[in-house]
Amino acid sequence: MVQSVVERSVPVEDAPLRAEYIKAFRGMLLARVLDDKFASLYRGGKIHGGVYLGRGQEALSVSVGLALRPGDVFAPLIRDGAGRLAFGESILDAVRTYLGSVLGPMRARDGNVHRGRPLTGLLPMLSHLGAMVPVVNGVLLGHRFKGIRETVGATCLGEGGTSTGAFHEALNQAAVEQLPLVLVIANNQYAYSTPSSRQFACHSLVDKAIGYGVRGHSLEGNDLEACLTVVGDAVARARRGEGPQLVVARLLRLCGHGEHDDASYIDPALKSAPFARDCLRLAEERVLAAGWMSPREVELWRAECVQKVEEAVAQVQREPGPDPYAEDWCALASRHLSEGYHGA
Amino acid sequence: MSITYLEAIRAAQGKALADDPRVFIYGQDVGAFGGAFKATKNLSQEFPGRVLDAPISEDAIVGAAIGAAVAGMRPIVEMQFADFSTIGFNQIVNHAGAYHWRTNVPCPITIRLPGGGTSGGGPFHSQSLEAIYAHFPGVVVMTPATVEDAYSMLLDAVAIDDPVIFFEHKFLYYHLKAEKLPTEAMPTGKARIARPGRDMTIVAYSAMVHEALAAAEELAAERVEIEVVDLRTVKPLDTDTIMASVARTGRLLCVGEAWPYGGVTAEVLARVATEGFDLLDAPPQRLNAKDTPVPYHPTLWAAHRPTARSIAVAARNLLRL
């Protein structure tokens, strides 16, 4: 039962999968439009700190978000804008966090991709890679203690994150406890500027699955159909009690690490590989070729996405930023234990 | 009938498990084996499924505790030795410590750190790490020095809505005894006058309270009355009680088993010097372990950390200033 298997696309002909494909494509397009807006705001000097995009990873990310349901837990990483939206994060939460609105979920105390709403199952990430995996395990342990059944926890990492001790400790922990964890690895070929050849030496990252005693799945991460099928299967298996699932997707990051990074280090030869093709363009070609959407419908949806994003940005730009004099500067929930001593 | 510091810790965990279904214990060898020091002895039998053996993965242990806390649980993590908590450092200080500030969601986890030196412990089973945790915001750091505090403060730690580092001293585990468990306790965050005196204040915490009390007893024979302040928690630090004591005595010696650079003794001296300079009749002094790893051999170890004898010497020197 414990084995690594390469799963391939199956033709999407049945109606439920077709509906899922279109839904996913629309989610990817919205995420791309939102990302493009963040890039534009960054270039215009409207965003403090970094901007991290999911360009090229939307098919994989959206599939994770769509496979989850209310009550599940999701700890996205920096390129999971599509997965966040599919899981239920609002455009406003994203924009408010990037623009530092006090009305956002992080209240301007944290920014950009470090956002979430823990009580709705969306965990805000730590910058330290791999650190979210044991935390998802912990939520799932908590569910077990509380008798909450059939919930799944999913989290995403890049291939660079698999080099951390946290990844190893947490995947092993999930296997020992047989937790319904779905750990999705986007092997996007570069961790910041470091190529995979300097990151790991195994033939394929999915081979790690057998070492941990978990089921492994691998796929081409720019193939939306494969993403929906494989990620959906992994989540379903976890939900059925089959234990942790490791999903490894091959793709190419189609942007810099952040918008400050021109990604000049990316090997030009990689860019012409089949897995390097833009997942959004491939998905669009597919919906058009299959006649599932007309070009006009796609353009209408794109325009609708732009309008939603522009409205959100316009609204947030009128919202207040943080006021250091109104800030309570208290890190503890137990206010009576706060010294209020700041060394001044 | 007497109860040890270690038994008080076990009893507090038993009470927490019995009183609150959200509580569970997670750590290495804590299950049927009962823990390396037997602080969880019989608890897995008494509370089936709620005392979980963990793999040797301190980072994942703390990470999972954070997740469970966010899901509404009240985990107690046992680090086998305080020294190993450095593997879980990232999750403790960056994740747990920042959680409420970032998200407005509390992160109530208790992390028990059996720490401090014992004879033969050596560099990696003896460390006193309270200061590095206290350095970070969003964390409460407890350093109980008595059987009563070990019991009541651990119950408090579980009840507090924030991450609590519960630094329990291994040297006190078996030697320190009380007649019975307390039914009431001082509030967390308040220091205690362990011995009143008018000539000098010695501020100490954890095992050093007992060394300071022994030194005070020694100096009492020389007609020197030393006031010993037991901090109980190093964060929050009860500056009011310290300042009031220094106002009475005019002299301050702060003693810590941890290393001298930065740390609790430096913090106490800095606050007294900046806020209570006019209360002092002499420059405030401090005594710490030597700035080397903790030595293995008992002869070296006894010279490495402050003892009643070295505290008495430091106190006499301070009286001459």
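In this predicted model, the contact between the two chains involves 48 residues of chain B and 41 residues of chain A. Putting the chains together buries about 3600 Å² between chain B and chain A, and carbon and sulfur atoms give 62% of that area. The points below treat this interface, the salt bridges, one strand of chain B and the cysteines.

**Salt bridges between the chains**

- Across the interface of chain B and chain A, 2 salt bridges are found.
- Arg102(B) forms a salt bridge with Asp110(A), and the closest N and O atoms of this pair are 2.7 Å apart.
- A salt bridge also connects the side chains of Arg271(B) and Glu339(A), with an N to O distance of 2.5 Å. Because Arg271(B) belongs to helix H9 (residues 263-275) of chain B and Glu339(A) to the segment after H11 of chain A, this pair joins two chains.
- The partners can also be described by their exposure: Arg271(B) is buried, at a relative accessible area of 6%, whereas Glu339(A) is partly exposed, at 27%.

**Salt bridges within a chain**

- Over all chains, the structure holds 41 salt bridges.
- In chain A, the side chains of Glu327(A) and Arg109(A) meet in a salt bridge of 2.5 Å, N to O. This pair links distant parts of the chain, 218 residues apart: Glu327(A) is in the segment after helix H11 (295-317) of chain A, and Arg109(A) is in the loop between helix H4 (91-99) and helix H5 (132-146) of chain A.
- In chain B, the side chains of Asp230(B) and Arg192(B) form a salt bridge of 3.0 Å, N to O. Asp230(B) is in strand E11 of chain B and Arg192(B) is in strand E9 (residues 192-195) of chain B, so the pair ties together parts that are 38 residues apart in sequence.
- Asp230(B) counts as buried, with 0% relative accessibility, while Arg192(B) counts as partly exposed, with 23%.
- Returning to chain A, salt bridges with shared partners join Arg109(A), Glu327(A), Asp328(A) and Arg335(A) into one network.

**Strand E10 of chain B**

- Strand E10 of chain B spans residues 200-204, and 5 of its 5 residues are buried.
- In a regular strand, side chains alternate between the two faces of the sheet.
- Both faces of E10(B) are covered: Met200(B), Ile202(B) and Ala204(B) are buried on one side, and Thr201(B) and Val203(B) are buried on the other.
- E10(B) runs parallel to strand E11 (residues 226-230) of chain B, and 5 bridges join the two. Within this pairing, Val203(B) stands opposite Val229(B) of E11(B).
- E10(B) also runs parallel to strand E13 (residues 252-255) of chain B, to which 3 bridges join it. Here the bridge partner of Val203(B) is Cys254(B).
- Together with helix H7 (residues 208-220) of chain B, E10(B) and E11(B) make a right-handed β-α-β unit.

**Cysteines**

- A disulfide is a covalent bond between the sulfur atoms of two cysteines.
- The count over all chains comes to 0 disulfides, the cut-off being a sulfur pair within 2.5 Å.
- Why does Cys279(A) have no such bond? The closest cysteine sulfur, in Cys227(A), is 7.5 Å from the sulfur of Cys279(A), which is too far for a bond. Cys279(A) is buried, with a relative accessible area of 0%.
- For Cys202(A), the closest cysteine sulfur is in Cys156(A), at 19 Å, again too far for a bond. Cys202(A) is partly exposed, with a relative accessible area of 27%.

Methods: Residues numbered from 1 in each chain as written. Chains lettered and ligands numbered in written order. Predicted model: local features only at pLDDT ≥ 70, side-chain atom pairs only at ≥ 80, totals over all residues. Heavy atoms only, no water. Buried < 20%, exposed > 50% of the residue type's maximum accessible area, 1.4 Å probe, protein only. Helix = DSSP H or I, 4+ residues; strand = E, 2+ residues; numbered from the N terminus. Pairing = 2+ DSSP bridges. Right-handed = clockwise from strand over helix to strand, strands pointing away. Contact = heavy atoms within 4.5 Å. Buried area = accessible area lost by both parts, 1.4 Å probe. Salt bridge = Lys/Arg side-chain N within 4 Å of Asp/Glu carboxyl O.
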